[in-house]
Amino acid sequence: MSYNYVPGVLVLAPISDIQTEILTSAALEFVATLHRSFNLTRKNLLRQRVLRQQELDNGVLPNFLPETIHIREDSSWQGACFAPGLVDRRVEITVPIERKMIINALNSGACTYLADFEDSNSPTWNNNINGQVNLRDAIQGTIAYVDPINNKKYELRKDRKLATLIVRPRGWHLEEKHVLIDGEPVSASIFDFALYFFHNAKKTIKIGIGPYFYLPKIESYLESRLWNDIFCAAQDLIGIPQGTIRATVIIETILAAFEMDEIIYELREHSAGLNCGRWDYIFSIIKKFRNNPNFILPNRSDVTMTVPFMDAYVNLLIKTCHHRGVNAIGGTGAQIPIKNDSEANKIALNKVRVDKYREVKAGLDGTWVSHPALVKISFEIFNEHLKAKNQIYAKRENVNVTALDLLNMNIPGSITESGIRNNISVGITYIESWLRGVGCISMNNLMEATATAEIARSQLWQWAKHKVSSIEGKVITGEYLLKLLDEEVIKLEKQLGPQKFYASKYILSKKYLESQITGKDYTEFITTLLYEEITSY
């Protein structure tokens, strides 16, 4: 089934009645205008990523760019002034775009809510378009949900300030294959941004905030420039003032870490700061240096925020943001509340407190949480140690981060069989969930999303590629990992029982994971490899 509302625009998926309210002719024409104007630049920038990867594979390490030194050394320019609803960002909550989760996030007491089309979302057609419906209803103030199991009703609270909504579209590398424009799939980034912006920008201004965004997976300041050009065009097209949009860039790639000043500079009047996307940042280091034996990391649990390269990255981000007058926001830990085990829950929540204390004392202006129950705990830590709404006044002039600091892989830790098995378990379980349309799962009392699954499969690939040894003395090869994968799948079948196991997508998940852990074939993003499995045409 296909729909052709606008010349040159073809929708290749079923559209429900409620979805037609999002996929209007005017909205699709807006999407098409932005896509036609900017998709060629996007493709060229993706080709630049390939060339930079070739340089890294040839041993050329990243460094601060000589051609942009004038931007870094010029102290006269600043990012944008604070926008309504973004002055106080001490605690931000990020959850998927499911209807009940949106309501809980907006009601959570957090300062802002990151509505995620990216890492915690499996981009099925219905997930994405229904997510747009949900966000429209949230901005309109009409969103409500009734749980079909217990008949419990969820609606926006009237007795407290709602979290300011910020939308994270998908990254530049992704496409929305259900929509063709002039015969080619539309950029997923443009699609997500354009639909939300078209339907909600003017209403957000009316309710006293604005159209705000988080920008993921950026690898260079030129990719930030592309977003800025899109913002300028979009604001002109619907007739709102330039600079109304605000965007926070998640520094979650090692290459972007060398271009923080430049990224803020490109977004200047639209910049709301930078965020420490810790899990994708670790994934990026493994991926970008996967062929370099000097960048082999130990078990994921050993790669904490206090290891040298992570500590340097956070310090540089804070210094850069505060120098430019914009917010520096911390990332989210993996811990979530644990039900029915008070002692384990106490340990988990203490880890959250330690993490938030580290962030506020480092100088960050806010932090992320991934569960409403963690909002209060995070506020307690930030309120105790931060008496203002931010700490941009802390300029961190004593911080001097070099390229060697950002690339310092001197990390205590080891590779163990339990760490290997945990990566396999996370990889196969998350992929299975993603293939079912669920992009965020609780596993072993930790929150797992695309970024952590990417760490898992990329570490396995790199360990096999370089045939490193575990602490038990076992040489890690592709054959060894496939053997362990078989064993983990057998465990899953026993745990679930044959009927439930074969009704799941574990067999398909295993097929994809085993193609990515032998040290041979490697796809840039596991989601692009899996995407065809969840298209609906």
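When I say helix or strand today, I mean a run assigned by DSSP, at least four residues long for a helix and at least two for a strand, numbered from the N terminus. Please also keep in mind that this is a predicted model.

Hi everyone! Let's use those words straight away. The UniProt record, an unreviewed entry, places a feature called "domain: Malate synthase C-terminal" at residues 415–534. Over that stretch the chain is 62% helix and 5% strand, and the C-alpha atoms at its two ends are 34 Å apart.

Now to a pair of helices. Two packed helices are described by the angle between their axes and the distance between the axes. How are helix 2 and helix 7 arranged? Their axes are 10 Å apart and make an angle of about 175 degrees. An angle over 145 degrees counts as roughly antiparallel, so helix 2 is roughly antiparallel to helix 7. On the helix 2 side, the residues that meet helix 7 include F30, L34, F38 and R49. On the helix 7 side, L222, E223, L226 and I230 are among them. Sorted by class, this contact has eleven nonpolar, two polar and four charged residues.

Let's stay with R49, which lies in helix 2. Is R49 buried or exposed? Its relative accessibility is 8% and the cut-off for buried is under 20%, so R49 counts as buried. Leaving out residues up to four places away in sequence, R49 touches W172, H173, K217, I218, E219, E223 and F525.

One of those neighbours brings us to charges. Side chains of opposite charge can pair when their charged atoms come close. R49 and E219 form a salt bridge, at 3.8 Å from N to O. E219 sits in the loop between strand 9 and helix 7, so to speak across the chain from R49 in helix 2, with their positions 170 residues apart. E219 is buried, and so is R49.

How many salt bridges does the structure hold? There are 43. Here is another one: R72 pairs with E262, and their closest N and O atoms are 2.8 Å apart. R72 is in helix 3 and E262 is in helix 9, so this bridge ties together parts that are 190 residues apart in sequence. R72 and E262 are both buried.

A further example joins R300 and E448, with 3.1 Å between the closest N and O atoms. R300 belongs to the loop between helix 10 and helix 11, E448 belongs to strand 15, and the two are 148 residues apart. R300 is buried because its relative accessible area is 12%, and E448 is buried because its value is 2%. Salt bridges can also share partners: E417, R421, K483, E487, E488 and K491 are joined in this way into one network.

My last stop is F64, in the loop between helix 2 and helix 3. Why does F64 count as partly exposed? Its relative accessibility is 22%, and partly exposed covers values between 20% and 50%, so F64 falls in that class. Apart from neighbours within four places in sequence, F64 is in contact with R72, A257, F258, L316, V401, T402, A403 and L406. You will recognise R72 from the bridge with E262. Also, the C-alpha atoms of F64 and L255 are separated by 9.3 Å, although these residues are 191 apart along the chain.

Thanks for listening!

Terms used:
Residues numbered from 1 in each chain as written. Predicted model: local features only at pLDDT ≥ 70, side-chain atom pairs only at ≥ 80, totals over all residues. Heavy atoms only, no water. UniProt positions renumbered as here; feature names shortened; annotations may be inferred. Salt bridge = Lys/Arg side-chain N within 4 Å of Asp/Glu carboxyl O. Buried < 20%, exposed > 50% of the residue type's maximum accessible area, 1.4 Å probe, protein only. Axes fitted to C-alpha atoms, helices over the stretch in contact; angles between N-to-C directions. Parallel < 35°, antiparallel > 145°, perpendicular 65-115°, else oblique. Contact = heavy atoms within 4.5 Å. Nonpolar A, V, L, I, M, F, W, Y, C, P; charged D, E, K, R; others polar.
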